[in-house]
Amino acid sequence: MHVVLLGPPGAGKGTQARRLAARLSLPHLSTGDMLRQQVRDRTVFGRRAAALIEAGRLVPDALITSVVRGRLREPDTADGALLDGFPRTAFQAKALDLILSEVGASLCAAFEFTVDEDEVVRRISGRHICRRDNGHIFHLRTAPPRVAGLCDHCGGELHQRADDVPAKVRHRLAVFRAESAPLSAYYASAGLLRTIDATRPADEVTDRLIAVLGPAPAAGGGPR
Ligand code: AMP
């Protein structure tokens, strides 16, 4: 059950991928999280990616594709994975098809999260994220933590991403429109696209995703 989550920044892909990962026992592959970890670890790759991420630009296709190829060869992804933030370009979409065929898998659905840009800016400007590995996401207005500045789940410190400030968000949206939005047509023509109204409450979005995917792979689930 390899699933792609498409949509602009702030559409709720990360939140939903984390929920689906728990419900379906599948790994959540967020290329943004993987890249930020490399930046924190100061790897060669992380040092190359840092400035691009902070500017809201995409890292080169070949680099991110090699990271994803490595991850999709690991045994924990053999039964499926929730791909959040990848693919983001036509090159990456084609590369993903190739990578999955190399490991004897194929995509079962591509969910397109739809939300208008004003809502994206509102959501991202209030988004605060746990610094610890679990990466839980809060929103100062709509989903505030019980204790200001601290994660409800682990007590970790919350912070705002450097690329979540309004000017960077606008740039990321422009990149999304130019590079990533056309992917919907790619997956529609493959018969894999499912549109999700991401303005609905988070629980409702999760229920809709589960309804399409089925409760768990072992229960014979699959897109309907
Ligand atoms: P995200 O956490 O998905 O919003 O990603 C944060 C940043 O990481 C993006 O703005 C890009 O700079 C970089 N990034 C994440 N995924 C990709 C990807 N598939 N291709 C290129 N750059 C990416």
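Here a biologist and a modeller talk through this structure, from its ligand site to some details of the backbone.

Biologist: Before we start, what kind of model is this?

Modeller: It is a predicted model, in which local features need pLDDT of at least 70 and side-chain atom pairs count only at pLDDT 80 or more, while totals for chains, interfaces and linings use all residues. Residues are numbered from 1 along each chain as its sequence is written, and side-chain values use heavy atoms, with hydrogens and water left out.

Biologist: What makes a residue part of the shell around the ligand?

Modeller: One of its heavy atoms must lie within 4 Å of the ligand. On that basis 16 residues surround the ligand, and the closest are Thr31, Arg36, Arg57, Gly85 and Gln92. Helix 2 (residues 31-40) gives the most to this shell, with four residues. Helices here are DSSP runs of H or I with at least four residues, strands are runs of E with at least two, and both are numbered from the N terminus.

Biologist: How do you sort the shell by class, and how many residues fall in each?

Modeller: Ala, Val, Leu, Ile, Met, Phe, Trp, Tyr, Cys and Pro count as nonpolar, Asp, Glu, Lys and Arg as charged, and the others, Gly among them, as polar. The shell then has six nonpolar, four polar and six charged residues.

Biologist: Which side chains have an N or O atom paired with a nitrogen or oxygen atom of the ligand?

Modeller: The test for a polar contact is a pair of N or O atoms within 3.5 Å; within protein, one must be able to donate a hydrogen and the other to accept it, and residues adjacent in sequence count only if both atoms are side-chain atoms. Gln92 has a side-chain N or O atom 2.9 Å from a ligand nitrogen, and a polar side-chain atom of Arg88 is 3.0 Å from a ligand nitrogen. For Arg172, the partner is a ligand oxygen, at 3.3 Å. The ligand has 480 Å² of accessible area on its own, and the protein covers 96% of that; such areas come from the Shrake-Rupley method with a 1.4 Å probe, and for residues only the protein chains shown count as cover.

Biologist: Is Thr89 called buried or exposed, and how do you know?

Modeller: Its relative accessible area is 5%, so Thr89 is buried: buried means under 20%, exposed over 50%, and partly exposed in between, with a 1.4 Å probe and protein chains only. Thr89 lies in the loop between strand 3 (81-84) and helix 5 (90-102). Its side chain makes a polar contact with that of Asp61, at 2.9 Å. Leaving aside neighbours within four places in sequence, Thr89 is in contact (heavy atoms within 4.5 Å) with Leu58, Asp61, Glu179 and Leu183.

Biologist: Why do you say that the buried residues of helix 6 line one face?

Modeller: Those residues of helix 6 (residues 117-125) are Glu119, Val120, Arg123 and Ile124. Seen down the helix axis, they fall within an arc of 125°, so they line one face; the arc is that of the directions from the axis to the C-beta atoms. An α-helix has 3.6 residues a turn, so residues three or four places apart point the same way. What covers the buried residues of helix 6 includes strand 5 (127-130), strand 6 (137-139) and helix 7 (166-180).

Biologist: And what does Asp116 reach at the start of helix 6?

Modeller: A side-chain oxygen of Asp116 comes to within 3.1 Å of the backbone nitrogen of Asp118, and a polar side-chain atom of Asp116 is 3.0 Å from the backbone nitrogen of Glu119. Asp116 has a relative accessible area of 46%, so it is partly exposed.

Biologist: What makes Phe86, Pro87, Ser25 and Arg42 worth a look in the backbone?

Modeller: Most residues other than glycine have a negative phi, and most peptide bonds are trans. Phe86 and Pro87 are joined by a cis peptide bond, with omega about 0°. Ser25 has a positive phi of about 55° although it is not a glycine, and phi of Arg42 is near 55°. Ser25 lies in the loop between helix 1 (13-24) and strand 2 (28-30), whereas Arg42 is in the loop between helix 2 and helix 3 (44-55). Ser25 counts as exposed at 63% relative accessibility, and Arg42 is exposed with a relative accessible area of 63%.
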